[in-house]
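Thank you all for coming; I would like to walk you through a structure that is new to most of this group. I will begin with the chain as a whole and then turn to a few individual residues.

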Amino acid sequence: MELKTVLLTAFSLLCLALPNNAQSITSISGKVVNSNGDVLVGNALLLTPTDSTIVAGTSFFDGKFELENLNAKRFLLKLTSLEFQDTYINLEFEGQTAINLGDIVVEEASTELEEVVVVSKTPLVRQRPDGSIEVKVANTTLATSTSAEEILSKSPGILVDENNGINIFGKGDAVLFVNGIKISNERLSTISPSNIDKIEIITNPGPRYDAEGNVVINIKTKRNTEEGSKGTLKNYYSYSAFAGYDNRTDIDFSFRKSNWGINANYGLLIGNDRWLKTTTRTRDEVGDFFSSDIELDWLYEQNNFSNYSLGIQYNISDDSYVSVEYSGAYEAMGGDQLSDNTIIDTEEGRYNSVLKMDDLNRKNILNLNYSTQIDSLGTNLFVGGQYASYKNAFDNWINESSTIDEVETASRISNAGEGDIQIVSVQVDYTKVYLNSSLEMGGKFSYVNNTSFTDFFNLEDDGTPIKDTDLSNSFQYDEKVPAVYLNFSKRLNENTNYSFGFRTELTAYTLFTSVDGGAVIEDNYLNVFPNASFDVKLSGNTNAFLTYASRIRRPSYETLNPFVIYQDEFTSIRGNPNLQPSRIHSFEIGSTHKDWNLKFGYTYTIDRITRAAFQLENESREYVLQSINFDREHAFFATLTRNINLKWWQSINNISVSYNDLIDDTDVFEIRENEPSFYFYSQNSFTIRNWCTIYVTGWYLSDLQDGIYLRKNQSTVNIGVEKRFWGDTLKCNLDFNDIFQGIRADGNYRSGTTDIIYGNRFNTNYIRFSAFYNFGKLKKTNYRIKKVGEAENERTQ
């Protein structure tokens with residue numbers, strides 16, 4: 001094991017083992033007076049910030065109160081009386097266990113009160129009673145990322161790469177939501193990284209969420225609740241020896257006055273990116289020897305990667321709003337795709353190609369939302385609609401050359417095409433809140449139309465184009481998914497909660513492809529997805545939970561489309577229109593004690609979707625990268641997490657182990673012995689008095705052997721320094737990312753009679769300088785408490 005891996009593992013274990021006594025609030029006291037200094041009569045109630053559960057309470061008759069025998073880091077203190085306006089104070093542990101608030105001046109009952117907040121630094125990660133976690137992005141080292149995808153890749157437990165997409169360690173594929181509304185992966189680039197407040201990783205989501213995917217990642221964007229105007233100008237400059245430079249500039253602006261709120265942002269990324277892929281394919285059977293060594297080098301030129309949004313919200317009343325938001329992206333990509341392939345079979349040859357990229361993506365999304373709170377308990381109605389358009393056009397020129405027995409040949413190919421995805425969705429969510437229970441119900445209808453074509457032309461010596469009908473094709477896909485859900489939650493007592501529900505989705509689709517003379521595939525299927533959860537507070541610092549969720553993983557539009565994507569003369573990527581959706585059953589059990597969290601999980605997947613290289617029939621040299629269904633997969637995992645929140649040091653540390661058993665019924669792949677995989681993650685921030693903050697983040701992922709694929713270990717260590725000037729007006733960051741160049745996606749497997757070894761290197765080792773300038777002036781507004789049940793219904797523009 002390499003030195004950096006040993007050090008990272010030892011540091012994670014040390015953080016997990018460190019004691020954390022006397023790091024919580026044990027008592028709260030104060031004296032309640034009016035503006036004249038007169039003592040008042042009333043009640044002091046201590047609530048949990050997450051769900052407003054009453055933890056402790058006392059009455060006071062001479063203004064003085066004291067709440068003792070406490071043991072938590074965060075409380076919401078409510079002061080209530082007929083003599084004064086209800087007052088709420090957020091309290092967070094800041095190194096002092098006994099908090100004395102002194103004189104608390106409250107307003108008379110007929111006047112409004114401004115919020116009084118006592119806060120400390122925001123914890124990096126918060127564990128929830130149901131096992132899901134919340135990762136803070138704003139004002140952390142994650143905020144220096146130049147894309148939403150980069151933020152995800154640096155978050156605990158999230159694995160991102162070009163081949164496998166976005167995954168959660170031990171759980172599998174993740175589906176993206178923004179503020180509780182499902183989005184496609186194509187929309188991720190339209191989200192400004194500077195506009196992200198936090199990320200919720202929901203490993204066993206309830207029926208309110210679409211049943212798609214193993215895990216839900218819900219990206220929560222920032223909201224300005226104070227009057228006035230505020231803006232932020234940010235610039236990120238990155239350089240790597242591997243890819244070169246890139247520069248991103250973001251400007252965010254928000255304005256709020258009376259019932260109106262406006263948010264806008266614009267981001268521009270220009271510069272270079274790179275992805276280097278190597279593949280070795282070998283067949284060594286009697287009468288069938290073949291060897292191919294391929295190097296693919298994508299040298300991307302990001303000529304103009306712009307994202308933009310404008311949102312307007314009107315608050316009809318204190319409890320109702322209507323909002324509309326437009327967001328989009330314009331992505332002009334150039335550069336080269338270089339391929340070098342040396343083949344040895346009956347002869348030895350070297351085959352090269354240069355693909356000149358000319359690619360344009362245009363993304364446009366429109367959201368319209370209405371939300372109203374119906375009663376004081378938090379009964380809520382939400383109605384939302386979304387229209388999204390993703391258009392892609394490309395016009396690539398390919399120059400091929402080959403050298404066989406010192407004889408050189410050359411050819412030219414033109415490849416042009418377009419893709420157009422249109423998505424329309426409407427959803428209604430209604431939550432009826434009772435005193436100790438709630439009933440959620442709703443429905444959603446989504447429609448997707450995906451149309452595309454690609455044309456290949458072989459150019460004669462005189463430039464005459466001859467269409468290649470074998471590679472050229474057109475594709476159309478229409479999908480309709482109506483869905484309804486119901487979920488009932490109940491608090492049995494102050495320590496015990498349970499919920500159960502279901503979601504029903506009817507999927508109907510029609511697929512047309514011109515490949516192999518043309519074919520139309522139609523199908524529809526009805527699925528019911530039950531869900532259940534149970535959690536209990538065992539003591540003031542300890543709780544346990546048990547959850548079950550059933551899900552579905554539909555094939556992406558790209559994996560269904562038999563569209564030919566050129567890699568080299570003998571390799572292409574094609575979709576599989578015969579893919580079936582995966583069906584998933586997931587169980588989790590766990591417990592939280594103070595700053596410790598332990599969780600176990602098991603996931604059973606039917607028709608697991610994965611991708612591999614296959615030799616084309618009757619073709620000794622040609623291979624296609626394509627997704628297929630495996631019979632099933634068993635996946636087990638265990639995770640131990642420890643949070644540290646001191647005045648000078650904040651840390652999240654995670655140690656996980658997973659065991660995957662992928663079962664193949666195609667008789668195509670070689671079955672190997674399974675081995676467990678280990679994952680270590682540690683994110684730390686150190687405050688050096690008032691001078692600067694140092695960030696250290698690292699993770700290590702061991703080899704993963706699931707019975708078919710071997711994915712080799714990878715790791716990273718990132719260090720950053722942050723310095724603030726003139727308060728929070730100017731902030732500068734210097735980041736050193738993936739210092740030891742340990743992030744990679746390497747592995748091997750056997751497909752048919754072919755042994756395949758692959759390696760991938762990405763643009764992760766870089767130096768970045770960031771500067772953030774805040775401008776504008778905000779005015780404090782009156783505090784509005786979030787009622788019980790409102791948190792799950794929150795939607796933004």
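**Charges, overall form and some selected residues**

Let me start with charge: the chain carries 73 positive and 105 negative charges, and the mean positions of these two sets are 9 Å apart. Please keep in mind throughout that what you see is a predicted model.

As for the overall dimensions, the C-alpha trace spans about 100 × 55 × 50 Å along its principal axes. For a chain of 797 residues, a compact globule would have a radius of gyration near 28 Å, and the value for this chain is 28 Å, so the two agree. The secondary structure consists of four helices and 47 strands. Among the contacts between residues at least 6 apart in sequence, 66% join residues that are at least 24 apart.

How much of the chain counts as buried? Of its 797 residues, 53% do, while the area that the chain exposes comes to about 35,300 Å², with carbon and sulfur atoms supplying 54% of that area.

Let me now go to the interior. In soluble globular proteins, nonpolar side chains tend to be buried together. Here the largest nonpolar core has 48 residues, and the members that touch the most others in it are Ile199 and Ile217. Strand E20, which covers residues 288–317, gives the most to this core, with five residues. A second core, separate from that one, has 22 residues, including Ile25, Ile28, Leu70 and Leu101. Coming back to Ile199, and setting aside residues up to four places away in sequence, its contacts include Ile133, Val135, Val137, Ile151, Leu152 and Ile217, and also Glu134, Ser155 and Asn218.

I would next like to look at three residues that lie in strands, beginning with Thr754, which is in strand E46, residues 754–762. Is Thr754 buried or exposed? Its relative accessible area is 1%, and because buried means under 20%, Thr754 counts as buried. Leaving out residues up to four places away, Thr754 touches Arg281, Thr282, Arg283, Gln615, Tyr623 and Tyr749. Thr754 and Gly37, by contrast, are 717 residues apart in sequence and 85 Å apart in space, C-alpha to C-alpha.

The second is Ser389, in strand E23, which runs over residues 380–404. Ser389 has 5% relative accessibility and is therefore buried. Its contacts beyond four places in sequence are with Arg362, Lys363 and Asn364, and with Asp420, Ile421 and Gln422. Between the C-alpha atoms of Ser389 and Gly180, which are 209 residues apart along the chain, the separation is 20 Å.

The third is Ser438, which belongs to strand E25, residues 437–459, and is buried with a relative accessible area of 9%. Not counting residues up to four places away, Ser438 touches Thr431, Lys432 and Val433, together with Asn487, Phe488 and Ser489.

Finally, let me turn to Gly776, found in strand E47, residues 766–779. Gly776 has a relative accessible area of 57%, and so it counts as exposed, the cut-off for that being over 50%. Apart from neighbours within four places in sequence, Gly776 is in contact with Ser229 and Lys230. Which separation in space goes with the 544 residues along the chain between Gly776 and Thr232? The C-alpha atoms of these two residues are 8.6 Å apart.

Notes:
Residues numbered from 1 in each chain as written. Predicted model: local features only at pLDDT ≥ 70, side-chain atom pairs only at ≥ 80, totals over all residues. Heavy atoms only, no water. Core = buried A, V, L, I, M, F, W, Y, C linked by side-chain atoms within 4.5 Å. Buried < 20%, exposed > 50% of the residue type's maximum accessible area, 1.4 Å probe, protein only. Helix = DSSP H or I, 4+ residues; strand = E, 2+ residues; numbered from the N terminus. Contact = heavy atoms within 4.5 Å. Rg over C-alpha atoms; globule rule 2.2 N^0.38 Å. Areas by Shrake-Rupley, 256 points an atom, 1.4 Å probe, with all protein chains shown as cover. Lys, Arg positive; Asp, Glu negative; His and termini not counted. Charge placed at Lys NZ, Arg CZ, Asp CG, Glu CD.
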